[in-house]
Structures are given as structure tokens and as C-alpha cells.
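Please open the structure in the viewer and keep the sequence panel visible. The tour proceeds by selection, and each stop states what is to be found there.

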Amino acid sequence: MSKDPNGIGLTSQRVRNRLVEQLRGMGIASEAVLELVRTVPRHLFVDEALASRAYENTALPIGYGQTISQPYIVAAMTELLLSTGPLGRVLEIGGGCGYQTALLARLAGTVYSIERIAGLANRLQERLLDLGIRNVHVAHGDGREGWMAHAPFDAILVAAAAPDVPVSLLGQLAVGGRMVMPLGLPGEQTLMLWRRTSEGFLEEPVQRVSFVPLVEGVS
Ligand code: SAH
């Protein structure tokens with residue numbers, strides 16, 4: 001069997017369209033986000049053995065005990081960040097396999113992505129370059145501190161959960177900017193949205209979610 005380089009089989013446009021319709025049915029309304037789900041090749045971000053499942057609305061293993069986030073939650077977080085308009089600088093904590101990073105890169109001026117596992121950070125960088133995506137800076141590090149040198153950010157996306165929000169992250173948000181992050185312990189996490197106004201921060205719960213933990217230090 002060939003590796004299906006042209007995406008004719010299980011990774012075909014028909015399969016991608018089905019995922020898009022599923023996400024639309026679940027409430028994703030941004031056509032810009034849905035178009036990215038249709039066009040960004042998620043099967044290139046997972047192991048070849050799992051490529052045939054890449055357009056199912058499910059999380060999949062990416063090695064090192066981590067998972068690629070479910071397409072619905074990637075789309076929902078992206079939509080939440082986009083709703084203020086075009087994005088200049090975006091900070092992503094927990095780049096993982098780089099699929100969410102690729103979506104953000106198509107919508108933002110520059111994406112700064114921090115990943116604590118060296119093997120994932122390296123692979124993420126290579127994959128994005130292979131896809132011709134050049135507006136992403138990847139750092140291997142502990143993202144809880146943010147990336148002060150490039151702050152403030154128009155949007156911050158945290159793809160791993162913690163009981164409390166790291167205070168340094170909120171401080172790196174631009175006025176008018178938005179941040180999304182899952183808060184809580186395993187089994188009882190809530191995706192939270194913060195908006196920074198000239199007066200301070202507005203915080204609102206969005207929905208129940210399930211993410212891997214935000215871990216201290218690097219690996
Ligand atoms: N959006 C990614 C999500 C991967 S899972 C994807 O779809 O592939 C969450 C990622 O957060 C993991 O890769 C994990 O290694 C990373 N992570 C956990 N704690 C972190 C921290 N303190 N700093 C940076 N990355 C972290």
C-alpha cells in the first residue's frame with residue numbers, strides 16, 4: 001500500500017468536509033476557522049499509523065504521553081481568540097504536535113510557541129517548516145513564565161491545564177487581548193476566557209474540557 005501522499009483515501013477532502021460539518025453542528029460558526037480545519041492537513045501531525053483517524057473528532061496520542069487535542073476544542077479555542085479581529089502576536093503554551101500552532105499561524109502575524117518536551121518542540125519546528133509555515137518561533141521551555149521578550153500578545157492560548165492561572169501569563173496580554181486556558185484538576189476542568197480591558201481583566205467560564213496537565217520544568 002502506498003502512503004497516500006495525495007490524500008486520496010481516508011485523508012481525502014470528503015473526510016475533511018465531514019469533520020467540518022460535524023464541528024459546525026457542534027457550534028463552531030467562524031468560517032475562517034472551519035476553512036482551516038478543511039485545509040490544514042491534520043494527518044501530517046499524527047503518526048502514520050494513526051493517519052486514517054486524523055479527521056475523526058478525537059484526541060490521538062503524539063508520543064511522550066501527550067495527545068493532539070480534539071479538533072472541536074482546537075477550533076473552539078481558536079474561534080474564542082479570533083473574535084476581537086485580526087491577530088498580530090500570539091503566544092501558545094504547549095505546542096505539542098503543532099496542529100493548533102499551524103492554525104494560529106494562518107490567522108496571526110507571528111506565533112510564539114513554547115513546548116516543554118524537547119522531542120516535541122523539535123518535531124513541531126520541522127513539521128511547520130515542511131509545510132512552508134515560517135511565521136512561528138518555537139522555544140523549548142516551561143511556558144508558565146510566558147515569553148516576556150515578545151510581550152504583549154494579542155492572544156494567548158494554553159493547551160494544558162492547571163489548578164490556577166500562571167500570573168505572569170495574564171501580565172503579558174495586551175489591552176484588548178484575549179487568553180484561553182483550561183483550569184482545574186483532571187476530571188473537573190473548565191475552559192476559561194480572559195479579556196484584558198483598560199480597567200483590568202474580565203474572566204468567564206466557557207465549557208467543561210479535558211486536557212493533559214501543565215507541568216513544571218522541561219523534559
Ligand atoms: N495543541 C497541542 C496540545 C498538546 S497536549 C496539540 O494538539 O498537539 C499539551 C502540550 O503541553 C504537551 O505537548 C505538553 O508537553 C505541553 N506542556 C505541558 N506543560 C507545559 C509547560 N509548562 N510549558 C510548555 N509546554 C507544556
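**First stop: L23 and its surroundings**

Select L23 and display its contacts: leaving aside neighbours within four places in sequence, L23 touches I28, L34, V37, N57, P71, Y72 and A75. The model on screen is a predicted one. L23 lies in helix α1, and its relative accessible area of 0% places it among the buried residues, the cut-off being under 20%. For a distance check, add L50: its C-alpha atom is 20 Å from that of L23, with the two positions 27 residues apart in sequence numbering.

**Helix α2**

Two of the contacts of L23, namely L34 and V37, lead to the next selection. Select residues 31-39, which form helix α2, and colour its buried residues: V33, L34, L36, V37 and R38. Against which helices do the buried residues of α2 pack? They pack against α1 (13-25), α3 and α4. A general point helps when viewing down a helix axis: an α-helix has 3.6 residues a turn, so residues three or four places apart point the same way.

**Helix α4**

Select α4 (99-107) next. Seven of its nine residues are buried, so α4 is largely enclosed by the rest of the structure. The buried residues to highlight are Y99, Q100, T101, A102, L103, L104 and A105.

**The loop between α2 and β1**

Move to A54, which is located in the loop between α2 and β1. Is A54 buried or exposed? A54 counts as buried, with a relative accessibility of 0%. Apart from residues up to four places away in sequence, A54 touches R42, H43, V46 and L60. A measuring line from the C-alpha atom of A54 to that of R14 should read 13 Å, for a pair 40 residues apart in sequence.

Continue along the chain to Y64, in the loop between β1 (60-63) and β2. Inspect the backbone here: phi of Y64 is near 55°, a positive value in a residue other than glycine.

**The largest pocket**

Now display the pockets. Rolling a probe the size of a water molecule over the atoms shows where empty space is left. The largest pocket holds about 550 Å³ of space. Its lining comprises 36 residues, and those closest to the centre of the pocket are Q66, T67, G94, A159 and V212. The elements that contribute two or more residues to this lining are as follows:

- β2 (66-68)
- α3 (71-82)
- β3 (87-93)
- α4 (99-107)
- β4 (108-115)

The largest share, three residues, is supplied by β2. Colouring the lining by residue class gives 19 nonpolar, 13 polar and four charged residues.

**Q172 and the cis peptide bond**

Select Q172, in the loop between α6 (167-171) and β7 (173-183). With a relative accessible area of 3%, Q172 is buried. Beyond residues up to four places away in sequence, its contacts are L91, E145, G146, W147, M148, A151, P152, F153 and I156.

Two of those partners, A151 and P152, deserve a separate view. What is the configuration of the peptide bond from A151 to P152? This peptide bond is cis, with omega near 0°. P152 itself belongs to the loop between β5 (136-140) and β6 (153-158).

**An exposed loop residue**

Proceed to E199, in the loop between β8 (189-196) and β9 (201-209). E199 counts as exposed, because its relative accessibility of 76% is over the 50% cut-off. Its C-alpha atom is separated by 9.0 Å from that of V175, 24 residues away along the chain.

**The whole chain**

Finally, clear the selections and view the entire protein, which has six helices and nine strands. The radius of gyration is 16 Å, close to the 17 Å given by the globule rule for 219 residues, so the protein is as compact as a globular protein of that length. Along the principal axes, the C-alpha atoms fill a box of roughly 55 × 35 × 35 Å.

Colouring by burial shows that 51% of the 219 residues count as buried. The accessible surface comes to about 10100 Å², and 53% of it belongs to carbon and sulfur atoms. In a contact map, residues 24 or more positions apart account for 52% of the contacts with a separation of 6 or more.

Conventions: Residues numbered from 1 in each chain as written. Predicted model: local features only at pLDDT ≥ 70, side-chain atom pairs only at ≥ 80, totals over all residues. Heavy atoms only, no water. Helix = DSSP H or I, 4+ residues; strand = E, 2+ residues; numbered from the N terminus. Buried < 20%, exposed > 50% of the residue type's maximum accessible area, 1.4 Å probe, protein only. 1 Å grid on protein atoms, 1.4 Å probe; cavity = no way out; pocket = protein on both sides within 12 Å on 5 of 7 lines; lining within 4 Å. Points joined across faces, edges and corners; volume = space filled by probe spheres on them. Nonpolar A, V, L, I, M, F, W, Y, C, P; charged D, E, K, R; others polar. Rg over C-alpha atoms; globule rule 2.2 N^0.38 Å. Contact = heavy atoms within 4.5 Å. Areas by Shrake-Rupley, 256 points an atom, 1.4 Å probe, with all protein chains shown as cover.
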